[in-house]
Amino acid sequence: MTLTAVGESRVNGYLFVLQRSLKTFLPEDSVRDAVREIESHLRDRIAAADGSPNEREAVERILAELGPPLRVAQAYSAERTIDEAITTGRLVPMARALWHLAVSTVAGFGAALAVVIGTMTSLAAIAVAVAKPFFPNNVGFLMHDGDVVPHTFGGQFPVPAGEHVVGGYWVIPFALTGGLVGLVLTYRGARRFLTWWRERRLS
Amino acid sequence: MSRETWQEQIRRGTLDLAILLSVSSGPRYGLAIIQHLEEFTDLVVAEGTIYPILGRLTKEGLLESEWVEDEAPHPRKYYALTRLGTKRLGEMTTAWRDFVKKIDRLMTASERPR
């Protein structure tokens, strides 16, 4: 079957949507390769089709057998992004996989939010440890004068009247340990979520 | 677990093996692999979902791919087993046959009157 301009337009529209979807999580060269391969599949199918009962129905049947472009893109996402993240455990693929799930699912959004909060909190604790030697009177546990329990952990520039910093240089190992443990737990949590997601997809 | 879910798990679990088997006799392009699978199995639900699996198997080093430009009016991407893929296919085939034999033995035992 040789396509008319209308049929060509329908096929190009399918490939355009697929390309747009793939671009959100795959590198440019992988997108180009994937779209080229799907187009090759379509051209083979179209060439072998007899165009009955009419071209429109024949093209729609071929596209339906291939699957909606978003579903095909999701399959690429599941196979490449999440599997790569779990297999390698590297930060960039994990961030990419989380980002993709965050913009496409509610559970993914929740997990990504938790990862962002965990990472920022951990990095803030490490920043406190790094800043303490330079600003010993501004960084640490902050207490109101006369209180026995600190109300803030961090830094104040300047320290407000009626408050003072406690904890001394013990703040450094405390914040450093807390920050590093926080980063490890966040990383493990993110990886566990992605593994759960992949198993859920397979079940 | 519903019957559909269980069958879907089996389908997904065996798709890698089926794809590797499809290219074991020689290089095939995507649509030829799909047609081969459709001829012998009902593993292909949506054709488009096979391509990402081919991509993953290539990335894992089990398949190698090559674009052939001059065979058809449009280019086709051919897949072939690598040495690692051949080795893995052998292991998977042995494991699968062993698995089927054991389940079969279990089913035979369960059918036997007590």
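Axes are taken here as lines fitted to C-alpha atoms, for helices over the stretch in contact, and angles between them run from 0 to 180 degrees between N-to-C directions. In the predicted model of the complex, this treatment applies to α4(A) and helix α3 (residues 50–59) of chain B, which pack with their axes 7 Å apart and at an angle of about 20°. Angles under 35 degrees count as roughly parallel, and α4(A) and α3(B) are therefore roughly parallel to each other. The handedness of the crossing of α4(A) and α3(B) is right-handed. On the side of chain A, the contact is made by A:Ala75, A:Tyr76, A:Glu79, A:Arg80 and A:Asp83 of α4(A), and on the side of chain B by B:Pro52, B:Ile53, B:Gly55 and B:Arg56 of α3(B). By class, the residues of this helix contact comprise 4 nonpolar, 1 polar and 4 charged.

The helix pair belongs to a description of the interface between the two chains. In total, 20 residues of chain A are in contact with 18 residues of chain B. Two or more residues on the side of chain A that touches chain B are given by each of α2 (28–48), α3 (55–66) and α4 (69–88) of chain A. Of these elements, α2(A) supplies the largest share, 8 residues. The residues on this side of chain A divide into 7 nonpolar, 4 polar and 9 charged. For the complex, the predictor gives an ipTM of 0.87 and a pTM of 0.67.

Chain A also contains an open sheet of 3 strands, in the order β2-β1-β3, with antiparallel pairing. The edges are occupied by β2 (152–155) and β3 (163–166) of chain A, each of which has a single partner strand, so one side of each is left without a neighbour in the sheet. From one strand to the next the twist averages 45°. Strand β1 (residues 139–144) of chain A pairs with β2(A) in the antiparallel sense over 4 bridges. Within this pairing, A:Val139 stands opposite A:Gly155 in β2(A), and A:Gly140 stands opposite A:Gly154 in β2(A). β1(A) is also joined to β3(A) by 4 bridges, and these two strands run antiparallel. Here A:Phe141 of chain A stands opposite A:Val166 in β3(A).

The loop between β2 and β3 of chain A holds A:Pro158. Most peptide bonds are trans. The bond from A:Phe157 to A:Pro158, by contrast, is cis, with omega near -10°.

Chain B likewise has an open sheet of 3 strands, here in the order β1-β3-β2, and the pairing is antiparallel. The edge strands of this sheet are β1 (28–29) and β2 (63–68) of chain B, each of which pairs on one side only. β1(B) is joined by 2 bridges to strand β3 (residues 76–81) of chain B, and β1(B) and β3(B) run antiparallel. B:Tyr29 stands opposite B:Tyr78 in β3(B).

Confidence was examined for each chain. Chain A has a mean pLDDT of 88, with 97% of its residues reaching 70 or more. Within chain A, confidence is lowest in α4(A), at a mean of 81, and highest in helix α6 (residues 106–131) of chain A, at 94. The element with the lowest confidence in chain A, α4(A), is thus also the helix that packs against α3(B). In chain B the average pLDDT is 91, and 96% of the residues score at least 70. Helix α1 (residues 3–22) of chain B has the lowest mean pLDDT among the elements of that chain, 84, whereas β3(B) has the highest, 97. β3(B) is also the strand that 2 bridges join to β1(B).

Notes:
Residues numbered from 1 in each chain as written. Chains lettered and ligands numbered in written order. Predicted model: local features only at pLDDT ≥ 70, side-chain atom pairs only at ≥ 80, totals over all residues. Contact = placed C-beta atoms within 7 Å. Nonpolar A, V, L, I, M, F, W, Y, C, P; charged D, E, K, R; others polar. Parallel < 35°, antiparallel > 145°, perpendicular 65-115°, else oblique. Left-handed = near helix turned anticlockwise from the far one by under 90°. Pairing = 2+ DSSP bridges. pLDDT = per-residue confidence, 0-100.
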